[in-house]
Amino acid sequence: PVLPLATQFSMAPPGKKGGKREDWEDVDTSADSRLPVAHIILFVINAVALSAVPIYLFSAIFDLDIAENAPIYVGITLVSTLLVTLAVQNRCKRLRTRLIASRNVELGSTWLLKLKNAEDEKSKLKLKEGNKRISEINMEALSLSIAYNNAAFLFTIVLLIFFVLRTATPQMNYGASTCLAGFVSFLLSSRVK
């Protein structure tokens, strides 16, 4: 008789057919790589504000009317906002990972496993201290990633507007310089090791 595929191939390790699961098998390790929701909200707010800076620049210096060119402003700002948000998020994740490794801080999944086995108050207090250190690292990575990407975006956009694309029409200059600055910022953040 032929057995169903589900019984022929089991995903359980050898010798563990339907047995008791280990503690580490229930730990959610994907939470270690996720950023807090508050950080993502700050990334988006920062990216919208940063992407809106060229609107003022082009309306004041190049007399590009806001009402006439609203569709161009909105479209380019959305593209730039997306690129800058992704850039800040990439840089923040990488900085966070590097800071955690350099400071020898344990991740949340390790805490959960140890917390299950922790009986005394001393070990629980040590775990809370580790959680505080991770929170500090998160805030430091947030600040550094926003500062770096803001500087890279603003430097690139000024370079493109006033030097590279100075002979282009104002609409073309705005669209190309804002999108390219967002792309350069994203590229720099994804190439960081």
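**View 1. I157 within helix α5 of the predicted model.** I157 lies in helix α5, and the structure shown here is a predicted model. Because its relative accessible area is 3%, I157 is buried. Leaving aside residues up to four places away in sequence, the residues that I157 touches are P54, S177, T178 and A181. With one of these partners, A181, the C-alpha separation from I157 is 5.3 Å, although the two residues stand 24 apart along the chain. Several of the contact partners are themselves buried: P54 is among the buried residues of α2, and S177, T178 and A181 are among those of α6.

**View 2. A nonpolar patch on the surface that involves helix α5.** I61, F155, V158, L159, F162, F163 and V164 form a nonpolar patch on the surface, and their accessible area together is about 670 Å². Helix α5, which covers residues 121-164, supplies the largest share of this patch, namely six residues. One of the patch residues, F163, has its place in helix α5 and counts as exposed because its relative accessibility is 55%, where the cut-off for exposed is over 50%. The buried I157, at 3% relative accessible area, belongs to α5 as well.

**View 3. Helix α6 and its buried residues.** Helix α6 comprises residues 170-190 and has, among the elements of the chain, the highest mean pLDDT, at 95. Its 21 residues reach 30 Å from the first C-alpha to the last, which is close to the 30 Å expected at 1.5 Å a residue. The buried residues of this helix are N173, Y174, G175, S177, T178, A181, G182, S185 and S189. An α-helix has 3.6 residues a turn, so residues three or four places apart point the same way. Of the buried residues named here, S177, T178 and A181 are touched by I157.

**View 4. Helix α2 and the loop residue D63.** The 25 residues of α2 reach 37 Å from the first C-alpha to the last, close to the 36 Å expected at 1.5 Å a residue. Buried in α2 are H39, F43, N46, A47, L50, S51, P54, I55 and F58, and P54 is also one of the residues touched by I157. D63 follows α2 and lies in the loop between α2 (37-61) and α3 (70-102). Although D63 is not a glycine, its phi is positive, at about 50 degrees. D63 counts as exposed because its relative accessibility is 64%.

**View 5. The chain as a whole and its segments of low pLDDT.** The chain has six helices and zero strands, and its elements run α-α-α-α-α-α from the N terminus on. Of its 193 residues, 32% count as buried, while the accessible surface comes to about 12,500 Å², with 66% of it belonging to carbon and sulfur atoms. Among contacts between residues at least 6 apart in sequence, 79% join residues at least 24 apart. The mean pLDDT of the chain is 81, with 74% of residues reaching 70 or more. Helix α1 (residues 5-8) has the lowest mean pLDDT among the elements, at 48. Over residues 5-12 pLDDT stays under 50, and the model has three contacts beyond four places in sequence for this segment; over residues 24-30 pLDDT likewise stays under 50, and there the model has eight such contacts beyond four places in sequence.

Conventions: Residues numbered from 1 in each chain as written. Predicted model: local features only at pLDDT ≥ 70, side-chain atom pairs only at ≥ 80, totals over all residues. Heavy atoms only, no water. Patch = residues over 30% accessible without salt bridge, like charges linked within 9 Å, V, L, I, M, F, W, Y side chains within 5 Å. Areas by Shrake-Rupley, 256 points an atom, 1.4 Å probe, with all protein chains shown as cover. Salt bridge = Lys/Arg side-chain N within 4 Å of Asp/Glu carboxyl O. Helix = DSSP H or I, 4+ residues; strand = E, 2+ residues; numbered from the N terminus. Buried < 20%, exposed > 50% of the residue type's maximum accessible area, 1.4 Å probe, protein only. pLDDT = per-residue confidence, 0-100. Contact = heavy atoms within 4.5 Å. Expected span 1.5 Å × (residues − 1).
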